[in-house]
Amino acid sequence: MPKLRAAAVSFLNARPLTAGLEGSDRVELVLAEPSRCAAMLEAGEVEVALLPVGGLVGKEYEIVPGIAIGSDGPVTTVLLAGEQSPVVWDEVFLDTASRTSQLLSKVVLAERGVHPRFTPLPALDGLARAKGTKGALVIGDRGFDVHANHVLDLGREWTQLTGVPMVYALWAAKPGVLAPEDVAELARAAHAGLGMRTELAQAFAKERGGDPERYRRYLTQRIRYGLGPYELQGLEAFVERVAKHGFAPPTTLRFADDHVRTRRVRRQVSLDTALQKGADGERLDADEAELLDEKAPLLELGLAADARRRALHTDGVVTYIVSRNVNYTNVCTTACHFCAFYRPRGHQEAYVLSREVLAKKIEETLALGGIELLLQGGLHPDLGVEWYEDLFRWVKSTYPTINLHALSPEEIWHIARTSQIGLDEAIDRLVAAGLDSIPGGGAEILDDEVRRRIAPLKCSSDEWLTVMRAAHRKGLRSTGTMMFGVGEDAGHRTRHLLRLRELQDETAGFTAFICWTFQPEHTRLAPGDNSAHAYLRENAIARLVLDNVPNLQASWVTMGGGVAQAALHMGCNDFGQVMIEENVVSAAGTTFNMDAEEVERHIRGAGFVPARRNMRYDRLGPVKAA
Amino acid sequence: MLSDLAQRALDRAGLGPIRDKVLARERLTDDEALRLFEAKDLAALGALANHVREQRHGDLAFYNRNVHLNFTNVCVASCKFCSFARPDDKAASEGYTMSLDEAVEHVLSKRGLGITEVHIVNGLHPDLPWEFYLEVPRRIHAAWPELRIKGYTAVEIHFFAEKFAKSYEQVLRELQAAGVETLPGGGAEIFASRVRRKICDDKATAEQWLEVHRVAHRLGMKTNATMLYGTIERLEERVDHMARLRALQDETSGFQVFIPLAFHPEHNMIGKAFPKPTGFDGLRTYAVARLYLDNFDHLKAYWVMLGERLAQTALSFGVDDLDGTVLEERIYHMAGAKTPQALSEGQLHRLIRAAGRVPAERDSLYNVLRVHAAPVAA
């Protein structure tokens, strides 16, 4: 089979996306200037190109989802430079190499009320002539060397102007050319290349001189390589503003996987039938599940789910657990767009918890009647399996009674990869060291179309499920989760639930399902429908579709007690976790007791009998009647 | 049509006979209201209330655009659930009283924001002259005649009547002449005297509150009615409260809307003893009210009090009105409400649409100003 030809620039910022293509048996890399990449794609000389977004406007190209070159603030390598302030410029020399930067210059200056004459000129000439009332555009690696009185970093200017990131380039192809395997190969290469950024910076410094650390920071802190909803807002804003100022025609953005979604032909099913089947505990198929998601009113879903919950949990008891969430590190390499927690390695706020701190937290937990340690963290590039083994052994030998509920699938996958051991070996070693059960976090939406957009560097749906399968087979129990309201549709949510159900048929390893809505407050990623109404509907749907998962948790943490109480009447039978938080514990021991009381008050107030449980949903102690 | 699922759930909950009466549009008894309160079968209760709600209003969810004016928080009453009132104007006690100019300007400065109503509620100030209470609406009305003025609770009206030695009718006629068109529903709390004695024994009694509204209705004023739940009242006393409102409504048809209000526990005298009622209690209260108050057209969930998430959920439990894009609410925020001070119209639309409803802007008198059938550009 002939290889797919892919054109890309040789700029430093493109290398993390292209380096992983070397030696690819599917894609052949062709290096060229930005404007030449666009021309080659247009002429059909290549099938896919790392296209400057300027090359996208007015065209009908398909975008490869999840990957882009962008910035959220200063970018360093797209600059306007001059001797005097831009407000006095009457002429700007535009580097002929990139249409995107030309458009960006025009938009930024126009929005600042500056309307100079634009003259195309190669970059070095332009910079040399940028005296007096003249300015020049400088792009690419030359930007590292610019020294001028007045420099406008166009990345910074754009983000200040719009509040969203700037996207400079992305993989694009003519419609219908890319197979899903091609898209996967480009994503794989990006994943590999992003892991080599330190090495790429060093190689670049050798090649052209300069400080490798500066280049590394540029690749890790200046440039953003994801194309999630947040970056998409930036992309859309750029296309819109370019059209608004009349610099180019309006453009509709298309993605290489858009057509996949419309292919499935749906069977006609009746809503009432689907609801009734669900209420009776009969298995719903994909069409029925999706129809419920699209059409069923909240209370009908709630009634059906409530009927199902009553059949599964007959005694009117609602359980909860007392456990402690500890994040052992916030260092993470995946940079998911919805996450406000992670820090890159070396960041001043980066941490790995010490044993002393951890010991204190565990002792506080035990003192407050907690029975479980929920230990999760970022994907720290330096922590191998031995580190976790030592940690777990220490925890279990020091505190033998505590349930060690640790490491989401993503982390286990990461540990196996970092230590270059197989998944089975990684799990065996972690279990031998004391791992009792695993949380189901990081599932987000188990549909790669969505994952690539919101968490392009995270493990794929298959990988997540593979880890869960392996863990379940070894006797570990886990929860299954879903985070929605990230702009996914009913089909994505349905596929997520069905994939969990399928694995559960195979392993019966999920003790419970928990969903929550995306919380946009600290992330600036635009949410989809993450309302309470959507939350209650999704829980009810999950109760109907996940006929083989015994328990459903209501998430009062994200929705508040009242909505969580309503969820208890629409499918849920568990009130989640009384969490022992840092600040709460240090304030006074009584706060926690209040919190357990408050949880029980909500359970009783909703008409149920509260009972504490462990991770396997065994009830602890006698159930106190209401 | 009530779905089969709902029919069966109601049978299982022992609410079949009540359901049959509701479907036949027969009036529920007080005992039946109590049984609904005690059923604790939220989804079934909600489905029945939602059925009635959709019969009355279809998918419409009403809101208005209003500004609140609380020109003084100085109050001679000592209601134990209140976090707003202060004993005097002194800075140390955080008491405040706006001047006439400030009060009027507070409202007039909101011109151009699309507001259609001002909601005026205050403390029972010991010294303000009667003329002040008339002059505020008079000046607002003169400067901004399209703005509808909803002013002074029955408790304030009663206070004015006593303090200025006038009948309710005189007070209300003078206020009407000054531009006040409707009365807010506050101050009703819980009518039962057992409760009133304990939580607010020095303001208008239940009978006085009801009499003010009766007179207002006779003078052609439309009014609202509230109920403060979640303090020390029993469920029977909630039903009694609604029963008295339903009886007066039979007589006058002057109430527009019923507004249950949850007790907020922060910064007041009884907050330590009584935690905030849970969301479950709110949702069932809305549902029972929708089923029992068959002569009230509207049922309002006040989002400022409830939070956006529960208010949205309430739209499936009998509620058809979310109050408004309130500007500068003070009373609930001083009691610890964590909600924003105002929701933009776009935010309110999104919240309503995500609940599967259609936003309809109304005025003070529940005339529909516009139905937003299609999404508006943000």
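Two strands pair if DSSP finds at least two bridges between them. With that in hand, welcome to this predicted model, in which chain A and chain B touch each other. A good place to try the idea is chain B, where strand β10, residues 358-362, and β11 are joined by 3 bridges in the antiparallel sense. The points below go through chain B, then a sheet in chain A, and then the contact of the two chains.

**Chain B as a whole**

- Chain B contains 15 helices and 11 strands.
- How does the radius of gyration of chain B compare with the globule rule? The value is 20 Å, close to the 21 Å that the rule gives for 378 residues, so chain B is as compact as a globular protein of that length.
- If you follow the C-alpha trace along its principal axes, chain B spans about 60 × 50 × 40 Å.
- Of the 378 residues in chain B, 54% are buried.
- Take the contacts in chain B between residues at least 6 apart in sequence: 77% of these join residues at least 24 apart.

**A four-stranded sheet in chain B**

- An open sheet in chain B is formed by 4 strands in the order β9-β1-β10-β11, and its pairing is mixed.
- Why is one side of β9 and of β11 in chain B left without a neighbour in the sheet? These two strands, residues 321-324 and 368-371, stand at the edges and have a single partner strand each, so one side of each stays free of a neighbour in the sheet.
- From one strand of this sheet to the next, the twist averages 30 degrees.
- To see the pairing of β10 and β11 in chain B residue by residue, look for B:Ala360, which has B:Val371 of β11(B) opposite it.
- Helix α15 of chain B, residues 345-354, lies across β1, β9 and β10 of chain B, and the helix runs at about 135 degrees to β10(B).

**Two loop residues in chain B**

- Is B:Ile190 buried or exposed? A residue is buried if 20 or more other C-beta atoms lie within 10 Å of its own. B:Ile190 has 24 C-beta neighbours inside 10 Å, so this residue counts as buried.
- You will find B:Ile190 in the loop between β5 (180-183) and α9 (193-199) of chain B.
- Leaving aside neighbours within four places in sequence, B:Ile190 is in contact with several residues, including B:Val195, B:Met227, B:Leu228 and B:His241.
- B:Ile190 and B:Tyr133 are 57 residues apart along the chain, and 26 Å separates their C-alpha atoms.
- B:Ser253 also sits in a loop, this one between α11 (235-252) and β7 (255-262) of chain B.
- With 13 other C-beta atoms within 10 Å, B:Ser253 is partly exposed.
- The C-alpha atoms of B:Ser253 and B:Arg214 are separated by 9.6 Å, while the two residues are 39 apart along the chain.

**A five-stranded sheet in chain A**

- Chain A has an open sheet of 5 strands, arranged as β8-β7-β9-β6-β10 with mixed pairing.
- At the edges are β8 and β10 (150-153) of chain A, each pairing on one side only.
- The twist of this sheet averages 25 degrees from one strand to the next.
- Strand β7 of chain A, residues 91-94, runs parallel to β9, residues 134-139, with 3 bridges joining the two. One pair to look up is A:Val92 and its bridge partner in β9(A), A:Gly135.
- β7(A) also runs parallel to β8 of chain A, residues 117-120, and here the number of bridges is 4. In this pairing, A:Phe93 stands opposite A:Thr119 of β8(A).
- β7(A), helix α3 of chain A (residues 99-111) and β8(A) together make a right-handed β-α-β unit.
- Helix α3(A) lies across β6, β7, β8 and β9 of chain A, at about 140 degrees to β9(A).
- Helix α5 of chain A, residues 154-162, lies across β6 and β10 of chain A and runs at about 60 degrees to β10(A).

**Where the chains touch**

- How many residues does each chain bring to the contact? Chain A gives 31 residues and chain B gives 28 residues.
- On the chain A side, α11, α13, α21, α23 and α25 each supply at least two residues.
- The largest share of that side, 8 residues, comes from α13(A).
- By type, the residues on the chain A side divide into 16 nonpolar, 11 polar and 4 charged.

Notes: Residues are numbered from 1 along each chain as its sequence is written. Chains are lettered from A and ligands numbered from 1 in the order in which they are written. This is a predicted model: local features need pLDDT of at least 70, side-chain atom pairs count only at pLDDT 80 or more; totals for chains, interfaces and linings use all residues. Axes are lines fitted to C-alpha atoms, for helices over the stretch in contact, and angles run from 0 to 180 degrees between N-to-C directions. Two residues are in contact if their C-beta atoms, placed from the backbone, lie within 7 Å. Ala, Val, Leu, Ile, Met, Phe, Trp, Tyr, Cys and Pro count as nonpolar, Asp, Glu, Lys and Arg as charged, and the others, Gly among them, as polar. The radius of gyration is taken over C-alpha atoms; the globule rule is 2.2 Å times the number of residues to the power 0.38. A residue is buried if 20 or more other C-beta atoms lie within 10 Å of its own, exposed if 12 or fewer, and partly exposed in between; C-beta atoms are placed from the backbone. A crossover is right-handed if, with the strands pointing away from the viewer, the path from the first strand over the helix to the second runs clockwise.
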